[in-house]
Amino acid sequence: MLEWLKTILGEKYTPEIDAKVTEEIGKGYTAKADLDAAKSELTAVKASLKERDGQLEALKKETGDTAALTQRITQLQAENLQKDKDHAAQLRQLRLDNAVSKALTEAKAINPATVTPLLAGFLEKAQIGEDGSVAGLAEQMAVSGEGVHE
């Protein structure tokens, strides 16, 4: 519920007005969760680029035999690949957390922090769709326990 809307409208407030305003807001704005995920991804990419630039500079300064440089490049490539995997996992988790939070809010969960641990087993294998939703989450919330809804 949009508490600020209730404060502004006072007695003229109705749940229908709340629903219409929420729908219109969703059309013209990016959700904070999506913005936070994009910011997190951008920060990770910038950090990764800065680190790789540093690695290239260090390689430029190294002189010596080709075998040592080749070995160092191979090592850096492996480290960077692992970091890419770690960043991807962090981003996936952030998107999953945001999708779950959004779904629980939309489902009017009484206490999302209490409900989320009940979904832990499901969320380990959950897949995030292109639209940012988690496939099967609504059904799982219904199965995971009562008290999800007001």
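**View 1. Where the prediction is most and least sure of itself, helix by helix.** In this predicted model, confidence peaks in helix α4, residues 66–106, with a mean pLDDT of 85. At the other end of the scale sits helix α7, residues 137–144, where confidence is lowest, at a mean of 74. For the protein as a whole, the mean pLDDT is 80, and 93% of the residues make it to 70 or more.

**View 2. A stretch to take with a pinch of salt: residues 146–150.** Here pLDDT stays under 50. The model does give this stretch twelve contacts beyond four places in sequence, but hold off on reading much into them: where pLDDT is low, the predicted coordinates should not be read in detail.

**View 3. Inside the largest nonpolar core.** How many residues make up this core? There are 14, and the ones with the most contacts inside it are Val100, Leu119, Leu123, Leu137 and Met141. Helices α4 and α7 each chip in at least two residues. The largest share, five residues, comes from α4.

**View 4. Zooming in on Asn80, a residue of helix α4.** Is Asn80 buried or exposed? Its relative accessibility is 11%, and buried means under 20%, so Asn80 counts as buried. Leaving out residues up to four places away in sequence, Asn80 touches Arg52 and Gln55. With Gln55 there's a little extra to spot: the side chains of Asn80 and Gln55 are joined by a polar contact of 3.0 Å.

Note on methods. Residues are numbered from 1 along each chain as its sequence is written. Side-chain values use heavy atoms; hydrogens and water are left out. pLDDT is the predictor's confidence in each residue, from 0 to 100. Helices (H or I, at least four residues) and strands (E, at least two) are DSSP runs, numbered from the N terminus. Contact means heavy atoms within 4.5 Å. A nonpolar core is a set of buried Ala, Val, Leu, Ile, Met, Phe, Trp, Tyr and Cys residues joined through side-chain atoms within 4.5 Å. Buried means under 20% relative accessible area, exposed over 50%, partly exposed in between (1.4 Å probe, protein chains only). A polar contact is a pair of N or O atoms within 3.5 Å; within protein, one must be able to donate a hydrogen and the other to accept it, and residues adjacent in sequence count only if both atoms are side-chain atoms.
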